[in-house]
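These are my notebook entries on a single protein chain. I set down what I looked up, element by element.

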Amino acid sequence: MRPRAAGAAGYCAAAIAVALAPACGGSVGRSPGWRAPRPAATATGEGRTSAGSAAAERLVFVPSGPPARAYGAPAGTAAPRGPVADAVVGAVARAAAAAGRPAPMRDPRLFAVAADLAPLAREDAPIPYALVEFALRYYGVVEPSPHLVLIWGPLDDASRYARQVEAQLANLFASTEVARVGVGSHARGRTGVILLILQPSFVDVDPVPRRVAVGEAIALRARVRPPYRDPHVFVTRRDGGVDEPRVSAGADGRVAARVACDDPGVLRIEIAASDARGSSVLANFPVWCGVAPPRTTSVAVPAGATDATAIDAERRLYERVDAARAAAGLPPLVRDERLAAIARAHSAEMRDTGEVAHVSPTTGTAADRVRAAGIATALVLENVARAYGVDEAHEGLMNSPGHRANILAREATHIGIGVAFGRGEAGERALFVTQLFIRIPPAVDPTVARARIRARIERRTRLRRDERLEAIAQRFARDVASGVPAERAAKRSQAALDRLAADFAAVTTIANAVADVDGFPLASVQKEASMTHFGVGIAQGRHPQIGDRALFVVVLVGQRR
(Lines give C-alpha, C1' and ligand atoms only; values in the text may rest on other atoms or scores of the structure.)
Protein backbone atom coordinates (compact mmCIF):
# COMPACT_ATOMS: atom_id res chain seq x y z
CA MET A 1 0.00 0.00 0.00
CA ARG A 2 2.85 2.37 0.69
CA PRO A 3 6.53 2.82 0.06
CA ARG A 4 8.45 0.02 1.70
CA ALA A 5 12.05 -0.26 2.71
CA ALA A 6 14.07 -3.19 3.90
CA GLY A 7 16.15 -2.78 7.02
CA ALA A 8 16.30 0.40 9.01
CA ALA A 9 16.30 2.99 6.27
CA GLY A 10 13.13 4.26 4.76
CA TYR A 11 11.60 5.98 1.90
CA CYS A 12 11.16 9.68 1.74
CA ALA A 13 9.17 8.43 4.25
CA ALA A 14 11.58 6.42 6.28
CA ALA A 15 11.07 2.98 7.69
CA ILE A 16 12.48 0.94 10.48
CA ALA A 17 13.23 -2.77 10.66
CA VAL A 18 10.15 -4.16 12.40
CA ALA A 19 7.59 -2.18 10.39
CA LEU A 20 8.22 -0.24 7.24
CA ALA A 21 7.59 3.06 5.85
CA PRO A 22 6.81 5.35 3.08
CA ALA A 23 6.97 8.72 1.92
CA CYS A 24 9.16 11.16 0.07
CA GLY A 25 12.13 13.10 -0.54
CA GLY A 26 12.69 16.34 -2.09
CA SER A 27 10.95 19.63 -1.69
CA VAL A 28 7.29 20.42 -1.73
CA GLY A 29 6.68 23.70 -3.50
CA ARG A 30 9.61 25.39 -5.13
CA SER A 31 12.82 27.22 -4.54
CA PRO A 32 12.49 30.90 -3.69
CA GLY A 33 12.86 33.41 -6.46
CA TRP A 34 15.59 35.98 -6.86
CA ARG A 35 14.52 39.56 -7.53
CA ALA A 36 16.48 42.58 -8.57
CA PRO A 37 15.74 45.50 -6.19
CA ARG A 38 12.94 47.72 -7.46
CA PRO A 39 9.78 49.49 -6.27
CA ALA A 40 6.67 47.39 -5.78
CA ALA A 41 4.45 46.72 -8.80
CA THR A 42 0.95 45.33 -9.09
CA ALA A 43 -0.21 42.40 -11.22
CA THR A 44 -3.35 42.42 -13.32
CA GLY A 45 -3.45 38.96 -14.88
CA GLU A 46 -4.38 40.12 -18.43
CA GLY A 47 -7.26 37.77 -19.11
CA ARG A 48 -5.74 34.74 -17.45
CA THR A 49 -6.69 35.55 -13.87
CA SER A 50 -9.30 37.42 -11.93
CA ALA A 51 -8.51 38.94 -8.57
CA GLY A 52 -9.65 42.22 -7.11
CA SER A 53 -6.54 43.13 -5.14
CA ALA A 54 -3.78 41.71 -2.97
CA ALA A 55 -6.45 41.04 -0.35
CA ALA A 56 -8.78 39.16 -2.72
CA GLU A 57 -9.98 35.83 -1.36
CA ARG A 58 -10.09 33.81 -4.60
CA LEU A 59 -7.86 33.72 -7.65
CA VAL A 60 -9.21 32.05 -10.80
CA PHE A 61 -6.57 30.68 -13.16
CA VAL A 62 -7.38 30.03 -16.83
CA PRO A 63 -4.45 28.71 -18.90
CA SER A 64 -4.04 30.45 -22.23
CA GLY A 65 -3.15 27.42 -24.35
CA PRO A 66 -4.72 24.03 -25.10
CA PRO A 67 -4.11 21.24 -22.57
CA ALA A 68 -1.76 18.36 -23.23
CA ARG A 69 -3.48 15.14 -24.23
CA ALA A 70 -0.80 13.02 -22.54
CA TYR A 71 2.05 13.28 -20.09
CA GLY A 72 5.50 12.65 -21.47
CA ALA A 73 4.43 13.23 -25.07
CA PRO A 74 6.71 15.25 -27.36
CA ALA A 75 5.71 18.90 -27.52
CA GLY A 76 3.92 19.82 -30.71
CA THR A 77 5.61 23.20 -31.10
CA ALA A 78 9.08 24.64 -30.64
CA ALA A 79 9.92 26.76 -27.63
CA PRO A 80 9.38 30.45 -28.39
CA ARG A 81 12.37 32.70 -28.91
CA GLY A 82 12.88 36.39 -28.38
CA PRO A 83 15.26 38.89 -26.76
CA VAL A 84 14.06 38.21 -23.20
CA ALA A 85 13.92 34.41 -23.50
CA ASP A 86 17.22 34.19 -25.37
CA ALA A 87 19.04 36.40 -22.85
CA VAL A 88 17.78 34.44 -19.85
CA VAL A 89 18.32 31.00 -21.40
CA GLY A 90 21.83 32.08 -22.37
CA ALA A 91 22.52 33.06 -18.75
CA VAL A 92 21.26 29.69 -17.59
CA ALA A 93 23.53 27.88 -20.06
CA ARG A 94 26.57 29.85 -18.87
CA ALA A 95 25.76 29.13 -15.22
CA ALA A 96 25.42 25.42 -15.99
CA ALA A 97 28.71 25.37 -17.91
CA ALA A 98 30.51 27.12 -15.05
CA ALA A 99 29.37 24.31 -12.76
CA GLY A 100 30.39 21.61 -15.22
CA ARG A 101 26.75 20.77 -16.01
CA PRO A 102 25.08 20.36 -19.41
CA ALA A 103 22.89 23.22 -20.55
CA PRO A 104 19.18 22.63 -19.86
CA MET A 105 16.99 22.08 -22.92
CA ARG A 106 14.28 24.55 -23.87
CA ASP A 107 10.94 22.95 -23.06
CA PRO A 108 7.89 24.39 -24.86
CA ARG A 109 5.65 23.14 -22.04
CA LEU A 110 7.64 25.05 -19.42
CA PHE A 111 7.58 28.14 -21.63
CA ALA A 112 3.78 27.86 -21.70
CA VAL A 113 3.67 27.45 -17.90
CA ALA A 114 5.96 30.43 -17.40
CA ALA A 115 3.93 32.63 -19.76
CA ASP A 116 0.72 31.84 -17.86
CA LEU A 117 2.19 32.20 -14.37
CA ALA A 118 4.24 35.36 -14.90
CA PRO A 119 1.16 37.65 -14.65
CA LEU A 120 0.44 36.17 -11.21
CA ALA A 121 3.84 37.07 -9.75
CA ARG A 122 3.85 39.33 -6.70
CA GLU A 123 6.82 40.90 -5.04
CA ASP A 124 5.51 40.18 -1.56
CA ALA A 125 4.61 36.49 -1.94
CA PRO A 126 5.48 33.43 -4.02
CA ILE A 127 3.13 32.14 -6.69
CA PRO A 128 0.67 29.75 -4.98
CA TYR A 129 1.79 26.13 -5.09
CA ALA A 130 -1.64 24.96 -6.29
CA LEU A 131 -1.39 27.13 -9.40
CA VAL A 132 2.12 25.93 -10.22
CA GLU A 133 0.99 22.32 -9.79
CA PHE A 134 -2.11 22.84 -11.95
CA ALA A 135 -0.21 24.56 -14.76
CA LEU A 136 2.48 21.88 -14.90
CA ARG A 137 -0.02 19.03 -15.14
CA TYR A 138 -2.24 20.96 -17.58
CA TYR A 139 0.66 21.19 -20.02
CA GLY A 140 1.77 17.57 -19.45
CA VAL A 141 4.76 17.87 -17.09
CA VAL A 142 5.11 14.96 -14.62
CA GLU A 143 8.00 16.09 -12.41
CA PRO A 144 7.42 17.75 -9.01
CA SER A 145 7.32 21.52 -8.77
CA PRO A 146 10.46 23.08 -10.27
CA HIS A 147 12.67 25.95 -9.19
CA LEU A 148 11.11 29.31 -9.98
CA VAL A 149 13.19 32.47 -10.32
CA LEU A 150 11.51 35.88 -10.57
CA ILE A 151 13.42 38.77 -12.14
CA TRP A 152 11.92 42.24 -11.77
CA GLY A 153 12.94 45.20 -13.90
CA PRO A 154 12.65 46.83 -17.33
CA LEU A 155 12.03 44.16 -19.95
CA ASP A 156 14.00 46.11 -22.53
CA ASP A 157 17.15 45.51 -20.48
CA ALA A 158 16.77 41.74 -20.01
CA SER A 159 20.45 41.04 -20.65
CA ARG A 160 21.41 43.10 -17.59
CA TYR A 161 19.14 41.11 -15.30
CA ALA A 162 20.14 37.87 -16.98
CA ARG A 163 23.78 38.56 -16.04
CA GLN A 164 22.75 39.20 -12.44
CA VAL A 165 20.65 36.06 -12.18
CA GLU A 166 23.50 34.04 -13.70
CA ALA A 167 25.53 34.59 -10.53
CA GLN A 168 22.53 33.66 -8.39
CA LEU A 169 22.21 30.29 -10.14
CA ALA A 170 25.70 29.13 -9.18
CA ASN A 171 24.54 27.49 -5.93
CA LEU A 172 21.65 25.73 -7.66
CA PHE A 173 23.80 24.21 -10.39
CA ALA A 174 26.45 23.26 -7.85
CA SER A 175 23.95 21.00 -6.08
CA THR A 176 21.76 19.63 -8.86
CA GLU A 177 21.48 19.09 -12.58
CA VAL A 178 18.68 20.95 -14.34
CA ALA A 179 17.25 19.13 -17.35
CA ARG A 180 14.83 21.67 -18.88
CA VAL A 181 14.14 25.37 -18.85
CA GLY A 182 11.22 27.68 -19.62
CA VAL A 183 10.89 31.47 -19.61
CA GLY A 184 7.88 33.79 -19.55
CA SER A 185 7.49 37.53 -19.00
CA HIS A 186 4.77 40.02 -18.21
CA ALA A 187 4.92 43.77 -18.74
CA ARG A 188 3.64 46.17 -16.11
CA GLY A 189 3.91 49.67 -17.41
CA ARG A 190 7.52 50.54 -18.13
CA THR A 191 8.80 47.54 -16.18
CA GLY A 192 7.79 43.95 -15.79
CA VAL A 193 8.62 40.52 -14.45
CA ILE A 194 10.49 37.60 -15.98
CA LEU A 195 9.68 34.12 -14.69
CA LEU A 196 12.42 31.53 -15.13
CA ILE A 197 11.49 27.86 -14.59
CA LEU A 198 14.27 25.35 -14.00
CA GLN A 199 13.15 21.71 -13.96
CA PRO A 200 15.39 18.92 -12.67
CA SER A 201 14.39 15.53 -14.04
CA PHE A 202 15.63 12.05 -13.29
CA VAL A 203 12.87 10.00 -14.88
CA ASP A 204 11.69 9.43 -18.45
CA VAL A 205 8.01 8.50 -18.66
CA ASP A 206 6.45 6.96 -21.77
CA PRO A 207 3.31 8.87 -22.83
CA VAL A 208 0.42 8.47 -20.37
CA PRO A 209 -2.99 9.89 -21.37
CA ARG A 210 -4.34 12.49 -18.97
CA ARG A 211 -7.81 10.99 -19.39
CA VAL A 212 -8.81 7.33 -19.70
CA ALA A 213 -12.16 5.56 -19.83
CA VAL A 214 -13.55 3.68 -16.85
CA GLY A 215 -12.59 0.03 -17.18
CA GLU A 216 -9.32 0.77 -18.97
CA ALA A 217 -5.89 0.22 -17.47
CA ILE A 218 -3.09 2.77 -17.44
CA ALA A 219 0.11 1.16 -18.72
CA LEU A 220 2.85 3.01 -16.84
CA ARG A 221 6.35 2.60 -18.24
CA ALA A 222 9.28 4.74 -17.16
CA ARG A 223 13.05 4.74 -16.70
CA VAL A 224 14.73 6.17 -13.61
CA ARG A 225 18.15 7.70 -14.27
CA PRO A 226 21.23 7.65 -11.99
CA PRO A 227 21.91 8.39 -9.23
CA TYR A 228 18.43 7.10 -8.42
CA ARG A 229 17.60 3.42 -8.08
CA ASP A 230 15.00 1.03 -6.69
CA PRO A 231 11.90 2.68 -8.21
CA HIS A 232 8.46 2.29 -6.64
CA VAL A 233 5.00 3.36 -7.77
CA PHE A 234 2.24 4.68 -5.49
CA VAL A 235 -1.32 5.58 -6.40
CA THR A 236 -3.87 7.67 -4.53
CA ARG A 237 -7.29 6.21 -5.28
CA ARG A 238 -10.49 8.16 -5.82
CA ASP A 239 -11.51 7.50 -2.19
CA GLY A 240 -8.23 8.96 -0.88
CA GLY A 241 -6.59 5.65 0.01
CA VAL A 242 -3.11 4.81 -1.24
CA ASP A 243 -2.06 1.65 -3.11
CA GLU A 244 1.34 0.34 -4.15
CA PRO A 245 0.75 -1.59 -7.39
CA ARG A 246 3.01 -4.44 -8.35
CA VAL A 247 5.86 -3.25 -10.54
CA SER A 248 8.35 -4.96 -12.80
CA ALA A 249 11.74 -3.32 -12.59
CA GLY A 250 14.80 -3.77 -14.78
CA ALA A 251 18.48 -3.42 -13.97
CA ASP A 252 18.70 -0.31 -16.15
CA GLY A 253 16.22 1.63 -14.01
CA ARG A 254 13.18 0.74 -16.06
CA VAL A 255 9.91 0.25 -14.23
CA ALA A 256 6.48 -0.82 -15.45
CA ALA A 257 3.15 -1.04 -13.66
CA ARG A 258 -0.52 -1.44 -14.49
CA VAL A 259 -2.91 1.00 -12.82
CA ALA A 260 -6.59 0.12 -13.09
CA CYS A 261 -9.21 2.80 -13.77
CA ASP A 262 -12.20 1.14 -12.11
CA ASP A 263 -14.37 4.08 -11.07
CA PRO A 264 -15.01 7.64 -12.26
CA GLY A 265 -12.71 10.12 -10.56
CA VAL A 266 -9.06 11.10 -10.27
CA LEU A 267 -6.06 8.84 -9.68
CA ARG A 268 -2.77 10.39 -8.61
CA ILE A 269 0.29 8.42 -9.70
CA GLU A 270 3.72 8.82 -8.15
CA ILE A 271 7.12 7.37 -9.06
CA ALA A 272 9.70 7.45 -6.27
CA ALA A 273 13.27 6.20 -6.13
CA SER A 274 16.26 6.41 -3.78
CA ASP A 275 19.74 7.84 -3.84
CA ALA A 276 22.28 8.39 -1.05
CA ARG A 277 19.98 10.95 0.61
CA GLY A 278 17.01 8.61 0.80
CA SER A 279 13.85 8.39 -1.23
CA SER A 280 12.63 11.16 -3.52
CA VAL A 281 9.54 11.77 -5.60
CA LEU A 282 10.57 11.88 -9.27
CA ALA A 283 7.12 12.09 -10.88
CA ASN A 284 3.67 12.91 -9.51
CA PHE A 285 0.66 13.48 -11.75
CA PRO A 286 -3.13 12.99 -11.85
CA VAL A 287 -5.05 10.89 -14.38
CA TRP A 288 -8.79 11.42 -14.81
CA CYS A 289 -10.88 8.25 -15.12
CA GLY A 290 -14.14 8.69 -17.00
CA VAL A 291 -14.27 12.43 -16.32
CA ALA A 292 -12.80 15.39 -18.15
CA PRO A 293 -9.69 17.08 -16.71
CA PRO A 294 -10.49 20.61 -15.49
CA ARG A 295 -9.64 23.55 -17.75
CA THR A 296 -9.46 26.09 -14.92
CA THR A 297 -8.73 26.20 -11.20
CA SER A 298 -9.00 28.68 -8.35
CA VAL A 299 -7.13 29.18 -5.10
CA ALA A 300 -7.54 31.23 -1.97
CA VAL A 301 -5.16 34.18 -1.90
CA PRO A 302 -3.79 34.90 1.59
CA ALA A 303 -4.32 38.43 2.85
CA GLY A 304 -0.71 38.61 3.95
CA ALA A 305 -0.90 36.99 7.37
CA THR A 306 1.94 34.60 8.18
CA ASP A 307 2.77 32.35 11.09
CA ALA A 308 4.69 34.48 13.58
CA THR A 309 6.81 31.65 14.94
CA ALA A 310 7.82 28.12 14.11
CA ILE A 311 5.64 26.95 17.01
CA ASP A 312 2.64 28.63 15.33
CA ALA A 313 3.42 26.84 12.07
CA GLU A 314 3.81 23.52 13.87
CA ARG A 315 0.47 23.99 15.61
CA ARG A 316 -1.29 24.62 12.30
CA LEU A 317 0.38 21.60 10.70
CA TYR A 318 -0.79 19.43 13.60
CA GLU A 319 -4.31 20.76 13.04
CA ARG A 320 -4.16 20.02 9.31
CA VAL A 321 -2.97 16.45 9.99
CA ASP A 322 -5.77 15.94 12.53
CA ALA A 323 -8.35 17.24 10.03
CA ALA A 324 -7.03 15.00 7.23
CA ARG A 325 -7.19 11.94 9.46
CA ALA A 326 -10.68 12.83 10.69
CA ALA A 327 -11.88 13.18 7.09
CA ALA A 328 -10.54 9.67 6.44
CA GLY A 329 -12.30 8.27 9.52
CA LEU A 330 -9.04 7.88 11.46
CA PRO A 331 -8.31 8.87 15.06
CA PRO A 332 -6.02 11.81 15.86
CA LEU A 333 -2.40 11.12 16.67
CA VAL A 334 -0.88 11.78 20.08
CA ARG A 335 1.51 14.73 19.94
CA ASP A 336 4.88 13.59 21.27
CA GLU A 337 7.35 16.27 22.34
CA ARG A 338 10.27 13.84 22.06
CA LEU A 339 9.47 13.33 18.38
CA ALA A 340 8.97 17.07 17.90
CA ALA A 341 12.47 17.75 19.25
CA ILE A 342 13.95 15.23 16.80
CA ALA A 343 11.93 16.76 13.95
CA ARG A 344 12.97 20.33 14.82
CA ALA A 345 16.64 19.38 14.86
CA HIS A 346 16.35 17.71 11.45
CA SER A 347 14.45 20.67 9.98
CA ALA A 348 17.15 23.01 11.29
CA GLU A 349 19.80 20.87 9.62
CA MET A 350 17.90 20.93 6.32
CA ARG A 351 17.63 24.71 6.59
CA ASP A 352 21.36 25.06 7.27
CA THR A 353 22.45 22.71 4.49
CA GLY A 354 19.71 23.46 1.97
CA GLU A 355 19.27 19.69 1.49
CA VAL A 356 15.70 18.42 1.93
CA ALA A 357 16.38 14.75 2.54
CA HIS A 358 15.73 11.84 4.87
CA VAL A 359 19.31 10.69 5.24
CA SER A 360 21.66 13.04 7.09
CA PRO A 361 25.46 12.69 6.95
CA THR A 362 25.55 13.41 10.70
CA THR A 363 22.42 11.75 12.13
CA GLY A 364 21.64 9.01 9.61
CA THR A 365 18.08 7.92 8.85
CA ALA A 366 14.86 8.79 10.65
CA ALA A 367 15.04 5.42 12.39
CA ASP A 368 18.59 6.23 13.53
CA ARG A 369 17.46 9.57 14.95
CA VAL A 370 14.56 8.01 16.81
CA ARG A 371 16.76 5.27 18.27
CA ALA A 372 19.41 7.81 19.31
CA ALA A 373 16.71 9.58 21.33
CA GLY A 374 16.06 6.36 23.25
CA ILE A 375 12.66 5.70 21.66
CA ALA A 376 11.87 2.06 20.89
CA THR A 377 9.11 1.58 18.34
CA ALA A 378 8.04 -0.88 15.67
CA LEU A 379 7.29 1.85 13.15
CA VAL A 380 9.03 5.03 12.04
CA LEU A 381 7.59 7.10 9.18
CA GLU A 382 8.96 10.46 8.10
CA ASN A 383 7.83 13.25 5.78
CA VAL A 384 10.15 16.11 4.90
CA ALA A 385 9.32 19.21 2.89
CA ARG A 386 10.33 22.74 2.01
CA ALA A 387 7.48 25.15 1.34
CA TYR A 388 6.49 28.80 1.65
CA GLY A 389 3.50 28.46 3.92
CA VAL A 390 1.73 25.94 6.11
CA ASP A 391 -1.10 25.36 3.64
CA GLU A 392 1.33 24.86 0.79
CA ALA A 393 3.36 22.38 2.83
CA HIS A 394 0.32 20.36 3.86
CA GLU A 395 -1.31 20.39 0.42
CA GLY A 396 1.94 19.36 -1.23
CA LEU A 397 2.37 16.43 1.14
CA MET A 398 -1.23 15.31 0.74
CA ASN A 399 -0.86 15.54 -3.06
CA SER A 400 1.98 13.00 -2.88
CA PRO A 401 0.64 9.44 -2.48
CA GLY A 402 3.66 8.32 -0.46
CA HIS A 403 3.55 11.25 1.96
CA ARG A 404 -0.22 11.05 2.16
CA ALA A 405 0.04 7.38 3.19
CA ASN A 406 2.22 8.42 6.13
CA ILE A 407 -0.22 11.08 7.29
CA LEU A 408 -3.11 8.61 7.04
CA ALA A 409 -1.21 5.59 8.39
CA ARG A 410 -3.64 3.48 10.41
CA GLU A 411 -0.86 1.89 12.44
CA ALA A 412 0.69 5.21 13.55
CA THR A 413 -0.26 6.41 17.04
CA HIS A 414 2.10 9.32 17.82
CA ILE A 415 3.43 12.30 15.86
CA GLY A 416 6.03 15.00 16.22
CA ILE A 417 6.36 17.98 13.86
CA GLY A 418 9.32 20.33 13.63
CA VAL A 419 9.53 23.53 11.60
CA ALA A 420 12.57 25.70 10.96
CA PHE A 421 12.30 29.02 9.16
CA GLY A 422 14.89 29.88 6.54
CA ARG A 423 15.34 32.65 4.01
CA GLY A 424 15.55 32.42 0.27
CA GLU A 425 17.82 34.50 -1.89
CA ALA A 426 14.95 36.94 -2.45
CA GLY A 427 14.28 37.21 1.26
CA GLU A 428 11.14 35.07 1.36
CA ARG A 429 10.65 33.06 4.49
CA ALA A 430 10.75 29.35 3.74
CA LEU A 431 9.48 26.56 5.97
CA PHE A 432 11.59 23.44 6.38
CA VAL A 433 9.25 20.78 7.74
CA THR A 434 9.81 17.36 9.27
CA GLN A 435 6.94 15.11 10.35
CA LEU A 436 7.71 11.97 12.36
CA PHE A 437 5.18 9.21 12.96
CA ILE A 438 5.68 6.22 15.25
CA ARG A 439 3.60 3.47 16.80
CA ILE A 440 3.31 2.86 20.53
CA PRO A 441 0.99 -0.11 20.96
CA PRO A 442 -2.10 0.58 23.08
CA ALA A 443 -2.88 -1.44 26.19
CA VAL A 444 -4.93 -4.51 25.27
CA ASP A 445 -7.09 -6.94 27.19
CA PRO A 446 -5.07 -10.19 27.09
CA THR A 447 -8.24 -12.27 27.14
CA VAL A 448 -9.66 -10.48 24.11
CA ALA A 449 -6.34 -10.52 22.23
CA ARG A 450 -5.85 -14.23 22.94
CA ALA A 451 -9.39 -14.95 21.70
CA ARG A 452 -8.68 -13.08 18.44
CA ILE A 453 -5.53 -15.05 17.70
CA ARG A 454 -7.24 -18.28 18.72
CA ALA A 455 -10.11 -17.54 16.31
CA ARG A 456 -7.67 -16.87 13.44
CA ILE A 457 -5.94 -20.20 14.04
CA GLU A 458 -9.23 -22.10 14.21
CA ARG A 459 -10.47 -20.50 10.96
CA ARG A 460 -7.30 -21.24 9.00
CA THR A 461 -6.27 -24.64 10.38
CA ARG A 462 -7.75 -27.87 11.68
CA LEU A 463 -6.04 -27.49 15.05
CA ARG A 464 -8.11 -27.83 18.19
CA ARG A 465 -7.59 -25.86 21.36
CA ASP A 466 -6.00 -27.62 24.34
CA GLU A 467 -6.31 -25.87 27.71
CA ARG A 468 -3.18 -27.49 29.10
CA LEU A 469 -1.07 -26.20 26.21
CA GLU A 470 -2.71 -22.82 26.61
CA ALA A 471 -1.82 -22.59 30.30
CA ILE A 472 1.84 -23.34 29.56
CA ALA A 473 1.87 -20.88 26.64
CA GLN A 474 0.36 -18.16 28.82
CA ARG A 475 3.00 -18.68 31.52
CA PHE A 476 5.74 -18.49 28.87
CA ALA A 477 4.30 -15.23 27.44
CA ARG A 478 3.98 -13.62 30.90
CA ASP A 479 7.57 -14.57 31.75
CA VAL A 480 9.17 -13.00 28.67
CA ALA A 481 6.90 -9.94 28.84
CA SER A 482 8.00 -9.32 32.43
CA GLY A 483 11.67 -9.48 31.50
CA VAL A 484 12.55 -13.08 32.24
CA PRO A 485 15.30 -14.12 29.80
CA ALA A 486 13.87 -16.18 26.95
CA GLU A 487 16.18 -19.11 27.71
CA ARG A 488 14.98 -19.33 31.31
CA ALA A 489 11.34 -18.99 30.27
CA ALA A 490 11.84 -21.75 27.70
CA LYS A 491 13.27 -24.09 30.32
CA ARG A 492 10.24 -23.52 32.57
CA SER A 493 7.97 -24.22 29.62
CA GLN A 494 9.87 -27.37 28.72
CA ALA A 495 9.60 -28.72 32.27
CA ALA A 496 5.82 -28.30 32.10
CA LEU A 497 5.64 -29.88 28.66
CA ASP A 498 7.61 -32.90 29.83
CA ARG A 499 4.73 -33.66 32.14
CA LEU A 500 2.47 -33.97 29.08
CA ALA A 501 4.73 -36.46 27.30
CA ALA A 502 2.24 -39.28 27.79
CA ASP A 503 -0.37 -37.40 25.73
CA PHE A 504 1.72 -35.55 23.14
CA ALA A 505 4.27 -37.09 20.79
CA ALA A 506 5.68 -33.66 19.86
CA VAL A 507 5.18 -30.01 20.72
CA THR A 508 6.50 -27.00 18.78
CA THR A 509 6.90 -23.57 20.41
CA ILE A 510 6.24 -20.50 18.25
CA ALA A 511 7.09 -17.21 20.00
CA ASN A 512 6.86 -13.73 18.47
CA ALA A 513 6.90 -10.13 19.63
CA VAL A 514 4.55 -7.96 17.58
CA ALA A 515 3.16 -4.43 17.69
CA ASP A 516 -0.47 -5.51 17.37
CA VAL A 517 -2.55 -8.66 17.34
CA ASP A 518 -2.94 -8.72 13.56
CA GLY A 519 0.84 -8.69 13.19
CA PHE A 520 1.17 -12.24 14.48
CA PRO A 521 2.46 -14.43 11.57
CA LEU A 522 -0.20 -17.12 11.22
CA ALA A 523 1.84 -18.87 8.51
CA SER A 524 4.24 -20.13 11.18
CA VAL A 525 1.35 -22.09 12.69
CA GLN A 526 -0.13 -23.23 9.40
CA LYS A 527 3.07 -24.96 8.31
CA GLU A 528 2.82 -27.39 11.28
CA ALA A 529 0.62 -29.69 9.21
CA SER A 530 1.10 -32.84 11.31
CA MET A 531 -0.02 -31.23 14.56
CA THR A 532 -3.46 -31.66 16.09
CA HIS A 533 -3.83 -29.24 19.03
CA PHE A 534 -2.71 -25.78 20.07
CA GLY A 535 -2.68 -23.29 22.93
CA VAL A 536 -2.16 -19.50 22.86
CA GLY A 537 -0.52 -17.25 25.43
CA ILE A 538 -0.26 -13.46 25.21
CA ALA A 539 1.12 -10.69 27.44
CA GLN A 540 2.34 -7.11 27.07
CA GLY A 541 5.74 -5.78 28.05
CA ARG A 542 8.74 -3.83 26.86
CA HIS A 543 10.62 -4.98 23.77
CA PRO A 544 13.97 -3.43 22.73
CA GLN A 545 12.77 -2.70 19.18
CA ILE A 546 9.00 -2.43 19.53
CA GLY A 547 9.05 -0.49 22.79
CA ASP A 548 6.50 -0.40 25.59
CA ARG A 549 3.36 -2.53 25.42
CA ALA A 550 4.76 -4.90 22.82
CA LEU A 551 2.67 -8.05 22.48
CA PHE A 552 4.52 -11.25 23.31
CA VAL A 553 2.62 -14.10 21.66
CA VAL A 554 3.42 -17.74 22.35
CA VAL A 555 1.66 -20.56 20.50
CA LEU A 556 2.29 -24.19 21.45
CA VAL A 557 1.34 -26.64 18.69
CA GLY A 558 1.19 -30.30 19.70
CA GLN A 559 0.63 -33.71 18.11
CA ARG A 560 -1.57 -35.96 20.22
CA ARG A 561 -0.56 -39.59 20.54
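**Entry 1: helix α6**

I began with the outward side of α6: the face turned away from its buried side carries the exposed residues A326 and A327. I should record here that the model is a predicted one.

I then listed the buried residues of α6, which are A313, E314, L317, Y318, V321, A324 and R325. Viewed down the helix axis, these buried residues lie within an arc of 140 degrees, so they line one face of α6. The general rule is that an α-helix has 3.6 residues a turn, so residues three or four places apart point the same way.

Next I checked the length of α6. Its 18 residues, 310-327, should span 26 Å at 1.5 Å a residue, and the end C-alpha atoms are 26 Å apart, which agrees. Just after the helix, G329 has a positive phi of about 75 degrees.

**Entry 2: what α6 packs against**

Against which elements do the buried residues of α6 pack? I found helices α7 (337-353), α9 (390-399) and α10 (401-407), together with strands β19 (334-335), β21 (414-423) and β22 (429-438).

I looked up the pair α6 and α9 in detail. Their axes are 10 Å apart and the packing angle is about 35 degrees. The crossing of the two helices is right-handed. On the α6 side the contact is made by A313, R316, L317, R320, V321 and A324, and on the α9 side by V390, D391, A393, H394, E395 and M398. A313, L317, V321 and A324 also appear among the buried residues of α6.

**Entry 3: covered elements**

I turned to strand β5, residues 147-153, where 7 of 7 residues are buried. H147, V149, I151 and G153 lie on one side and L148, L150 and W152 on the other, and both faces are covered. In general, the side chains of a regular strand alternate between the two faces of the sheet. β5 runs antiparallel to β7 (residues 191-199), to which 7 bridges join it. Within this pairing, L148 stands opposite I197 of β7.

Helix α3, residues 129-138, is also mostly covered, with 9 of its 10 residues buried. Charged side chains are named in that set: E133 and R137 are among the buried residues. Just after α3, G140 takes a positive phi of about 90 degrees.

**Entry 4: the loop residue V214**

Is V214 buried, partly exposed or exposed? Its relative accessibility is 40%, and since partly exposed covers the range between 20% and 50%, V214 counts as partly exposed. V214 lies in the loop between β10 (211-212) and β11 (217-224). Beyond its neighbours within four places in sequence, V214 contacts C261, D262, D263, P264, C289 and G290. I also noted that its C-alpha atom is 8.7 Å from that of A260, 46 residues away along the chain.

**Entry 5: a four-strand sheet**

I traced an open sheet of 4 strands with mixed pairing, in the order β23-β25-β26-β24. β23 (464-465) and β24 (504-514) are at the edges with a single partner strand each, so one side of each has no neighbour in the sheet. β24 pairs with β26 (residues 547-560) in the antiparallel sense over 10 bridges, and V514 stands opposite L551 of β26. Helix α11 (residues 446-460) lies across β23, β25 (533-543) and β26, at about 140 degrees to β25.

**Entry 6: chain totals**

The chain has 14 helices and 26 strands, and 54% of its 561 residues are buried. Of the contacts with a separation of 6 or more, 74% join residues 24 or more positions apart.

Note on methods. Residues are numbered from 1 along each chain as its sequence is written. This is a predicted model: local features need pLDDT of at least 70, side-chain atom pairs count only at pLDDT 80 or more; totals for chains, interfaces and linings use all residues. Side-chain values use heavy atoms; hydrogens and water are left out. The expected span of a helix is 1.5 Å times one less than its number of residues. Buried means under 20% relative accessible area, exposed over 50%, partly exposed in between (1.4 Å probe, protein chains only). The arc is that of the directions from the helix axis to the C-beta atoms. Contact means heavy atoms within 4.5 Å. Two strands pair if DSSP finds at least two bridges between them. Axes are lines fitted to C-alpha atoms, for helices over the stretch in contact, and angles run from 0 to 180 degrees between N-to-C directions. A crossing is left-handed if the near helix is turned anticlockwise from the far one by less than a right angle, and right-handed if clockwise.
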